[in-house]
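Let's take a relaxed walk through a protein model. Keep the sequence and the 3D view open, and look up each residue as we go.

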Amino acid sequence: MISPVLERLEITYCPKIILLNECHPHPLVSLKISRCTALVSIKSIQGLTSLVYLQIFCCDSLLGITNLPNQCHSLKTLSISHCNNLTSLPHEMFDCFAFLNELRVGPFSKVLDSFPSLQGIEKLRNHLHSLELNGWDHWESMPEEIQHLTSLTALTIYRYGM
């Protein structure tokens, strides 16, 4: 359990962490998880309903993110990048984080033939201003769902070589 007065938490270069599970209510505002090479799953962040900023970066063993908060209207920035074994995002993600202003995702696993579905992202059409999609050279298309994002003021698409 995280300290009840902590507002910002950065977990970096922690090779023995394999699971993140925080289901108790907590006022954490910023959470950064980076370079945790053994992290396989983010089982629950149900209790983190005050998050404004969430970054998950370079967690190469990460296979899944599940059990997102039911309502997290405070989250404004979400970045899930360079998690090279991740093959999809949670389907309920855009229901949970309905007021995102900035979203950065990818690249995902190289074994995928195309960018994973962003089903439900159209729910962010009135709030999402900045979108960054990172993919691989062998991917031929980006998700069709981004065409519904009418409030975008910045769109970045970056392709990495194999």
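What follows is a short tour of the core, the surface, the charged pairs and a few backbone details.

First, some ground rules. This is a predicted model, where local features need pLDDT of at least 70, side-chain atom pairs count only at pLDDT 80 or more, and totals for chains, interfaces and linings use all residues. Residues are numbered from 1 along each chain as its sequence is written, and side-chain values use heavy atoms, with hydrogens and water left out.

**The core**

Start inside. A nonpolar core is a set of buried Ala, Val, Leu, Ile, Met, Phe, Trp, Tyr and Cys residues joined through side-chain atoms within 4.5 Å. "Buried" means under 20% relative accessible area, "exposed" means over 50%, and "partly exposed" is in between (1.4 Å probe, protein chains only). The largest such core here has 42 residues, and those with the most contacts inside it are Ile33, Ile42, Ile56, Leu62, Leu78, Ile80 and Leu103. At least two residues of this core come from each of β3 (30–34), β5 (53–57), β7 (77–81), α1 (93–96), β8 (102–105) and β9 (130–136). Those labels are DSSP runs numbered from the N terminus: helices are H or I with at least four residues, strands are E with at least two.

Pick Leu78 and see who is around. With neighbours within four places in sequence left aside, Leu78 is in contact (heavy atoms within 4.5 Å) with Leu54, Met93, Phe97, Leu100, Glu102, Leu103 and Arg104.

**Charged pairs**

Two names on that list, Glu102 and Arg104, also pair up with each other in a salt bridge. A salt bridge is a side-chain nitrogen of Lys or Arg within 4 Å of a carboxyl oxygen of Asp or Glu. The structure holds 3 of them, shown here:

| Pair | Closest N to O distance |
|---|---|
| Glu102 and Arg104 | 2.3 Å |
| Glu10 and Arg8 | 3.5 Å |
| Glu10 and Lys32 | 3.9 Å |

Arg8, Glu10 and Lys32 are linked in a network. Why does the Glu10 and Lys32 pair tie together parts that are 22 residues apart in sequence? Because Glu10 lies in strand β1 (residues 8–12) and Lys32 in strand β3. How exposed are these residues? Arg8 is exposed, at 57% relative accessible area. Glu10 is partly exposed at 46%, Lys32 is partly exposed at 24%, and Glu102 is partly exposed at 26%.

**A nonpolar patch outside**

Which residues form a nonpolar patch on the surface? They are Ile18, Leu19, Val40 and Leu63, with about 360 Å² of accessible area together. To count in a patch, residues need over 30% relative accessible area and no salt bridge; like charges are joined within 9 Å, and nonpolar side chains (Val, Leu, Ile, Met, Phe, Trp, Tyr) within 5 Å. Leu19 sits in strand β2 (residues 19–21) and is partly exposed, at 44%.

Val40 from this patch turns up again as a contact of Gly64, along with Ser41, Ile42 and Leu86, once neighbours within four places in sequence are left aside. Gly64 is in strand β6 (residues 64–65) and is buried, at 18%.

**Around His82**

Now hop to the loop between β7 and α1, where you'll find His82. Here is a little quirk: His82 has a positive phi of about 55° although it is not a glycine. Tyr13, in the loop between β1 and β2, also has a positive phi, about 50°, and is not a glycine either. Tyr13 is exposed, at 58%.

His82 has a side-chain polar contact of 3.1 Å with Tyr160. A polar contact is a pair of N or O atoms within 3.5 Å; within protein, one must be able to donate a hydrogen and the other to accept it, and residues adjacent in sequence count only if both atoms are side-chain atoms.

Beyond four places in sequence, the contacts of His82 include Asp60, Gly106 and Pro107. The peptide bond from Gly106 to Pro107 is cis, with omega near -5°, and Pro107 is in the loop between β8 and β9. Asp60 is in the loop between β5 and β6 and is partly exposed, at 35%. A side-chain polar contact of 3.4 Å joins Asp60 to Asn84.

Methods. Accessible areas come from the Shrake-Rupley method with a 1.4 Å probe; for residues, only the protein chains shown count as cover.
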